[in-house]
Amino acid sequence: MSFLRSLSLNSVGQRVAGSRGANGDSQSKPPRYSAGGLFVKGARNQPWPRVWREVPLQKSYDVVIVGGGVHGLACAYYLATNHGITNVAVLDKAYLGSGGSGRNTAIVRSNYLTPEGVAFYDRSLTLYNTMSVDLNLNVMFSERGHMTLAHTDGALRTMRWRAEVNKLQDIDSSVIDPQEVKKLAPSLDVSDHARYPILGALYHPPGGTIRHDAVVWGYARGADHRGVEMHQKTEVLDILVEGGEGRDGKGAGGKVTGVRTNRGDISAPIVVNCTAGWATLISDMAGVKLPISTRPLQAAVTEPVKVFLPTVVVSGSLHVYVSQTDRGELVFGASVDPFNTYNIRGSLEFTEELAGHVLELMPGISRMRLLRQWSGLCDMTPDYSPVMGFTPVDGFLCDVGWGTYGFKAGPVSGEQMAETIATGQTAKLIEPFKLSRFATGELVGEKGAAAVGH
Amino acid sequence: MLLVPCPNCGPRNASDLRYVGEAGPRPDPNTATEAEWRSYLYIEDNPAGLLRETWYCRAGCRRYFVAERDTTSNEFVNSPLPGNKIGGKA
């Protein structure tokens with residue numbers, strides 16, 4: 001352990017010695033869950049071990065990560081695993097995975113529109129592919145294929161464009177005709193009589209679904225195993241900045257000294273904003289303004305039925321995406337609500353519209369019943385790409401603006417943010433997503449592939 | 001459903017209107033720097049609380065108006081009056 005402790009960031013403050021009960025090192029994996037272990041524990045009536053430790057909050061850390069979702073936890077995990085920085089605290093105002101990480105529709109894909117986007121999301125898909133082995137936890141990745149339907153000539157043209165961009169970067173992605181659509185998903189209505197006939201689709205076999213809670217727990221467990229601390233119900237009330245040009249020494253030119261939480265002040269030279277929904281509120285605390293507006297996205301799930309939908313089906317024109325879970329429920333997602341709000345109350349209007357659109361695609365499921373609906377907050381940026389990396393405040397980093405595509409980018413964001421923090425240089429893959437692109441006008445337009453297309 | 005208080009048409013469903021965005025002063029084109037324009041275009045206040053915003057009554061009177069809404073409860077406060085000046089980002 002002492003060897004590990006000496007591996008912390010060189011440029012940043014002293015580590016708090018002792019008192020930390022990390023139970024692993026940066027090479028070993030967290031223990032595997034097995035049927036044998038379950039049997040032995042059950043037979044001996046042993047308690048099941050906690051997935052992560054609950055330890056007292058320290059007064060200082062090398063890195064404080066705000067937001068305990070897939071992005072924050074992945075960042076902490078890769079900081080510890082790839083860079084040996086383990087004096088890290090992940091703070092969440094509620095419980096781990098309580099925000100967007102537990103509210104998304106768990107779809108992953110990499111068939112984006114811009115070369116920057118494709119390279120980035122493809123790395124994420126690669127990490128998702130080996131995640132179960134890396135984290136020793138079954139995240140139930142189901143590589144079932146992803147189909148984006150085209151109902152207009154314009155949409156078909158965009159699909160063609162995306163397919164060619166994808167192929168240039170070795171992504172398995174192609175445009176298929178309605179007959180092939182029918183073969184892949186027989187429940188879809190591909191006739192000419194539909195109100196929005198299906199003219200073709202962009203088919204992306206490596207896409208699929210994953211169990212999002214398992215991803216959160218896997219990263220939390222892996223990070224904990226390497227000595228990272230997770231603190232739930234710890235709300236950040238303020239970010240402490242010195243020497244900036246704004247009010248109270250905040251803003252551009254300032255330097256982060258720590259955070260103020262509902263459980264006391266924590267000093268830290270590096271604070272990372274990994275929140276979704278509340279990203280602008282957290283950044284405002286450091287005096288950094290972001291090009292982000294917060295909007296809710298509603299989703300719903302039906303009662304479980306036998307498996308009949310083998311792929312993920314997305315329709316941009318109908319504002320809907322559908323996939324069937326391993327339990328047999330159909331998960332529906334929609335587009336974001338058309339106005340800014342932090343209110344996540346669902347609406348009947350949404351349910352009605354969603355149901356109507358799903359039935360236009362699959363008339364056969366008209367008797368199915370909805371089990372429940374929910375919504376989550378999305379941080380929308382003007383160009384539908386995230387805001388990542390350094391900000392004008394020294395030591396304050398952002399991994400925000402994830403709109404409706406944050407979950408599928410979780411692993412790669414964590415990996416690249418960890419590299420950025422450890423090396424002090426913006427990692428190559430996230431260079432296009434820097435905050436300053438809005439000041440220089442170098443936007444990364446992903447609306448054609450990100451809006452509704454999950 | 002969100003009922004938006006149009007000063008001319010009364011409360012209408014948000015789907016009858018278009019949300020234009022945060023209301024605020026447009027920079028003076030004669031003096032504004034590039035950075036000010038870009039900031040006006042992209043940077044948002046995005047408050048959790050009272051927000052002054054511009055709506056366009058698309059399917060009704062086709063007028064722009066400024067309303068104030070609490071973004072945590074979606075309740076409109078200080079309902080706009082007819083003839084209210086058009087705000088910011090139109």
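In which order do the three strands of the open, antiparallel sheet of chain A stand? The order is E9-E10-E11. The model described here is predicted. Chain A has 454 residues, with a secondary structure of 13 helices and 19 strands. Chain B touches chain A through a contact that takes 16 residues from chain B and 19 residues from chain A.

**Chain A as a whole**

- The radius of gyration of chain A is 22 Å, which agrees with the value near 22 Å that a compact globule of 454 residues would have.
- Along the principal axes, the C-alpha atoms of chain A fill a box of roughly 70 × 65 × 45 Å.
- Buried residues make up 52% of the 454 residues of chain A.
- Of the contacts in chain A between residues at least 6 apart in sequence, 77% join residues at least 24 apart.

**The three-strand sheet of chain A**

- Strand E9 (236-242) and strand E11 (264-267) of chain A are the edge strands, and each of them pairs on one side only.
- On average, neighbouring strands of this sheet are turned by 25° against each other, direction ignored.
- Six bridges join E9(A) to strand E10 (residues 255-261) of chain A in the antiparallel sense.
- A:Val241 has A:Val256 in E10(A) as its bridge partner.
- Helix H9 (residues 279-286) of chain A lies across E9 and E10 of chain A, and runs at about 35° to E9(A).

**The eight-strand sheet of chain A**

- Another open sheet of chain A has eight strands in the order E5-E6-E4-E14-E15-E16-E13-E17, and its pairing is mixed.
- At its edges stand strand E5 (174-176) and strand E17 (370-380) of chain A; each has a single partner strand, so one side of each is left without a neighbour in the sheet.
- From one strand to the next, the twist of this eight-strand sheet averages 20°.
- The edge strand E17(A) pairs with strand E13 (residues 293-302) of chain A in the antiparallel sense, over ten bridges.
- Within that pairing, A:Leu297 has A:Gly376 in E17(A) as its bridge partner.

**Helix H3 of chain A**

- H3(A) has 14 residues, and its first and last C-alpha atoms are 19 Å apart, close to the 20 Å expected at 1.5 Å a residue.
- Twelve of these 14 residues are buried, so H3(A) is largely enclosed by the rest of the structure.
- Among the buried residues of H3(A) are A:Val70, A:His71, A:Cys75, A:Tyr77, A:Tyr78 and A:Thr81.
- Three helices or strands that help to cover them are strand E1 (63-66), helix H8 (212-225) and helix H11 (410-423) of chain A.
- The cover also includes strand E2 (88-91), strand E12 (270-273) and strand E19 (396-400) of chain A.
- A:His83 lies in H3(A), which covers residues 70-83.
- Is A:His83 exposed, partly exposed or buried? A:His83 is partly exposed, because 17 other C-beta atoms lie within 10 Å, whereas a buried residue has 20 or more and an exposed one 12 or fewer.
- Leaving aside neighbours within four places in sequence, A:His83 is in contact with A:Ala418 and A:Ala422.
- The second of these, A:Ala422, is 339 residues from A:His83 in sequence, yet their C-alpha atoms are 6.5 Å apart in space.
- After H3(A) comes A:Gly84, which has a positive phi, near 65°.

**Helix H4 of chain A**

- Helix H4 (residues 115-129) of chain A has 15 residues and should span 21 Å at 1.5 Å a residue; the end C-alpha atoms are 21 Å apart, which agrees.
- Buried residues in H4(A) include A:Gly117, A:Phe120, A:Tyr121, A:Asp122 and A:Tyr128.

**Chain B and its contact with chain A**

- Helix H1 (residues 34-42) of chain B gives three residues to the side of chain B that touches chain A, and this is the largest share.
- That side of chain B divides into nine nonpolar, five polar and two charged residues.
- Strand E4 (residues 50-56) of chain B pairs with strand E3 (residues 18-22) of chain B in the antiparallel sense over four bridges.
- In this pairing, B:Thr54 in E4(B) stands opposite B:Gly21.
- E4(B) also pairs with strand E5 (residues 64-70) of chain B, in the antiparallel sense and over seven bridges.
- Here B:Leu50 has B:Asp70 in E5(B) as its bridge partner.

Definitions and conventions
Residues numbered from 1 in each chain as written. Chains lettered and ligands numbered in written order. Predicted model: local features only at pLDDT ≥ 70, side-chain atom pairs only at ≥ 80, totals over all residues. Contact = placed C-beta atoms within 7 Å. Helix = DSSP H or I, 4+ residues; strand = E, 2+ residues; numbered from the N terminus. Nonpolar A, V, L, I, M, F, W, Y, C, P; charged D, E, K, R; others polar. Rg over C-alpha atoms; globule rule 2.2 N^0.38 Å. Pairing = 2+ DSSP bridges. Axes fitted to C-alpha atoms, helices over the stretch in contact; angles between N-to-C directions. Expected span 1.5 Å × (residues − 1).
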